[in-house]
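User: Please take a close look at one part of this model, starting from a single pair of residues that face each other and working outwards. I would like a connected account rather than a list.

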Amino acid sequence: MQAYLDNSATTPCSPAAATLVAKVLTEDFGNPSSMHMKGVEAEKYVKEATSAIAKTLRCQEKELIFTSGGTESNNLAIIGSAMANARSGKHIITTAVEHPSVKNTMLFLQDQGFEISWLSVDQNGEISLEELEQTLRDDTILVSIMMVNNEMGALEPVAEAGRMIHARNPHTIFHVDAIQAYGKFRIVPKNMNIDLLSASGHKIHGPKGVGFLYIKDKTKIRPITFGGGQQKDMRSGTINAPGIAGMGMAAKEIYGNLDETVDRMYELKEYFAEKLSVLEDVTINGKTGRDSAPHIVSVSFPGVRSEVLLHALEEKGIYVSAGSACASNHPATSTTLLAIGLDKQHQESTLRFSFSVHTTQEELDYTVEELASLLPVLRRYRRF
């Protein structure tokens, strides 16, 4: 048996999305910017996808810019808005638990002379709205807060944060990294005071290499990629019609049955947490109820290094993550686990299990059974 429990890293592309991508790649393969019929055919797919995604956010189609994925969307949102608003101030607020595509972009801006304030989190990975309120200043030009933490599934109070930010200063831009949230929650940026929102196709059963950035109309932001002026000069480069078409199809599919899918994932999450709690010396990090994301469970197994357990599970056909897949080629202590106050032993023994619409209870039972067998054996060779 196999159990794929690394869906926060990537999800399998849905058959409908994959079929559509192949069709646009091989049949309707024109450049959407070309004026002839082949270009018009390709552009039609982009327009259809734009319409489908705009409906999920209840936004205007003109407020969507397509990118190569979540990392580019975050870079465009943060660097583009910081550069466009630098004359109004150079103070930016973010959190201590952001994804590397936000954290490292902030560090880049810090090197450029911007002042970055990092909000702390509690043991559940959640920010304090009181600390946010105290950190906001007249010269705060940008606040960037992820909606769902990619390592432990903490759900941040972005709607409340958005109201607070804009009440303090309507011109402060609020960016939300929704890469782990889009497709799991109904998100309406205008109702949540969100000016910029990032998402990625391959997290919602779409293809890799494509994402989008929602830019609220009239938000002051500059492009960071220059060339032929595609997408209203905001993101130059040949438009990825196959990828955009596939992402649009995936968005339509997942939001067409969202409530039922999310309810089922919450049930699986609670079931898995209950099963894990029976195992000896196992700690679940953060919340497991409906005040967290439905698809991520962070678990520490003291006495076994995460990499060792990961590969032991892999040999049993169980696929999980030792943290953010985007940082897996550069092993380092997780800033998220540090921020929530885990000691070194728990930090170095933490795995992330993440679900999708395809995850079954049988996969979870199999995983718990194998963990029950592996942990006593691996702990005999503990290095702690």
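Analyst: A suitable starting point is Val 143, which stands opposite Phe 174 in β6; the model is a predicted one. This pair belongs to the pairing of strand β5, residues 140-146, with β6, which runs in the parallel sense over five bridges. Strand β6 itself spans residues 173-177 and is mostly covered, five of its five residues being buried. In a regular strand, side chains alternate between the two faces of the sheet. In β6, Ile 173, His 175 and Asp 177 point one way, while Phe 174 and Val 176 point the other way, and all of these residues are buried. Phe 174, the partner of Val 143, thus shares its direction with Val 176.

The surroundings of this pair of strands bring in helix α6, residues 158-168, whose buried residues are Val 158, Ala 159, Ala 161, Gly 162, Met 164, Ile 165 and His 166. What covers these buried residues of α6 includes both β5 and β6, together with α5, residues 129-135.

Further back along the chain, a helix pair can be described in similar detail. Two packed helices are described by the angle between their axes and the distance between the axes. For α3, residues 70-84, and α4, residues 100-111, the axes come within 9 Å and cross at roughly 30°, which makes α3 roughly parallel to α4, and α3 passes α4 in a right-handed crossing. From α3, the residues that meet α4 are Thr 71, Asn 74, Asn 75, Ile 78, Ile 79, Ala 82 and Met 83, and their counterparts in α4 are Ser 101, Val 102, Thr 105, Met 106, Phe 108 and Leu 109. By class, this contact of α3 with α4 has eight nonpolar, five polar and no charged residues.

Loop residues complete the account. Gly 317, in the loop between α9 (306-315) and β11 (318-319), counts as buried because its relative accessibility is 7%, below the 20% cut-off. Leaving aside residues up to four places away in sequence, Gly 317 touches Met 1, Gln 2 and Ala 3. By contrast, Lys 218, in the loop between β8 (211-215) and α7 (241-256), is exposed, with a relative accessible area of 75%, and Lys 232, also placed in the loop between β8 and α7, counts as exposed at 57% relative accessibility. Most residues other than glycine have a negative phi. The phi of Lys 218, however, is near 75°, a positive value, and that of Lys 232 is near 60°, again positive.

Methods. Residues are numbered from 1 along each chain as its sequence is written. This is a predicted model: local features need pLDDT of at least 70, side-chain atom pairs count only at pLDDT 80 or more; totals for chains, interfaces and linings use all residues. Side-chain values use heavy atoms; hydrogens and water are left out. Axes are lines fitted to C-alpha atoms, for helices over the stretch in contact, and angles run from 0 to 180 degrees between N-to-C directions. Helices (H or I, at least four residues) and strands (E, at least two) are DSSP runs, numbered from the N terminus. Angles under 35 degrees count as roughly parallel, over 145 as roughly antiparallel, 65 to 115 as roughly perpendicular and the rest as oblique. A crossing is left-handed if the near helix is turned anticlockwise from the far one by less than a right angle, and right-handed if clockwise. Contact means heavy atoms within 4.5 Å. Ala, Val, Leu, Ile, Met, Phe, Trp, Tyr, Cys and Pro count as nonpolar, Asp, Glu, Lys and Arg as charged, and the others, Gly among them, as polar. Buried means under 20% relative accessible area, exposed over 50%, partly exposed in between (1.4 Å probe, protein chains only). Two strands pair if DSSP finds at least two bridges between them.
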